[in-house]
Amino acid sequence: MAVQEIFAGMPWWVKWVAVPLIVLVVFGGLIASVVGFVIGLLFKVLVAVVLVGGLIFVVRKFMSSSRDW
C-alpha cells in the first residue's frame, strides 16, 4: 500500500497539520540536535577562519614593520 493511497481518504488537516505535528513531537529532539550540531560546526569554522585571518594579518604587519629597520 502506497502512502498516497493511505492519505487519499483523509481530510486536508490530517495531511498538513496532524502528521507534521506528530513527526515534530517524535523526532523533535533529533532534529534539534542535528540543527544545533550544524550551527555549532559553522560557528567553529567561522571562528577558525577569523583566527587564521587575524594571525596572517599580524604576521604580515610584523614582517613589514621589521623590514623597515
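Visitor: Before we look at any residue, what does "exposed" mean here, and is Gly9 buried or exposed?

Guide: A residue is called exposed when its relative accessible area is over 50%, and buried when that area is under 20%. This is a predicted model, and in it Gly9 sits in the loop between α1 (3-7) and α2 (12-67). Its relative accessible area is 73%, so Gly9 counts as exposed.

Visitor: Nice start! How many helices and strands does the protein chain have?

Guide: Gly9 already introduced us to α1 and α2, the elements on either side of its loop. No strands turn up in the protein chain, and the helix count is two.

Visitor: What radius of gyration does the protein chain have, set against a compact globule of 69 residues?

Guide: Let's begin with the outline: along its principal axes the C-alpha trace spans about 85 × 20 × 20 Å. A compact globule of 69 residues would have a radius of gyration near 11 Å, whereas the protein chain has 26 Å.

Visitor: What share of the residues is buried?

Guide: The surface is a good place to begin: the protein chain exposes about 6400 Å². Carbon and sulfur atoms supply 79% of that area. Of the 69 residues, the buried share is 1%.

Visitor: How far apart in space are Gly9 and Leu41?

Guide: In sequence, Gly9 and Leu41 are separated by 32 residues. Taken from C-alpha to C-alpha, their separation in space is 43 Å.

Visitor: Now Val34, please. Which exposure class does Val34 fall into?

Guide: Val34 belongs to helix α2. From C-alpha to C-alpha it lies 26 Å from Val14, with their positions 20 residues apart in sequence. The partly exposed class runs between 20% and 50%. With a relative accessible area of 46%, Val34 is therefore partly exposed.

Visitor: And which residues does Pro20 touch, leaving out those up to four places away in sequence?

Guide: Pro20 is another residue found in helix α2. At 35% relative accessibility, Pro20 counts as partly exposed. Leaving aside residues up to four places away in sequence, Pro20 touches Val14 and Lys15.

Key:
Residues are numbered from 1 along each chain as its sequence is written. This is a predicted model: local features need pLDDT of at least 70, side-chain atom pairs count only at pLDDT 80 or more; totals for chains, interfaces and linings use all residues. Side-chain values use heavy atoms; hydrogens and water are left out. Helices (H or I, at least four residues) and strands (E, at least two) are DSSP runs, numbered from the N terminus. Buried means under 20% relative accessible area, exposed over 50%, partly exposed in between (1.4 Å probe, protein chains only). The radius of gyration is taken over C-alpha atoms; the globule rule is 2.2 Å times the number of residues to the power 0.38. Accessible areas come from the Shrake-Rupley method with a 1.4 Å probe; for residues, only the protein chains shown count as cover. Contact means heavy atoms within 4.5 Å.
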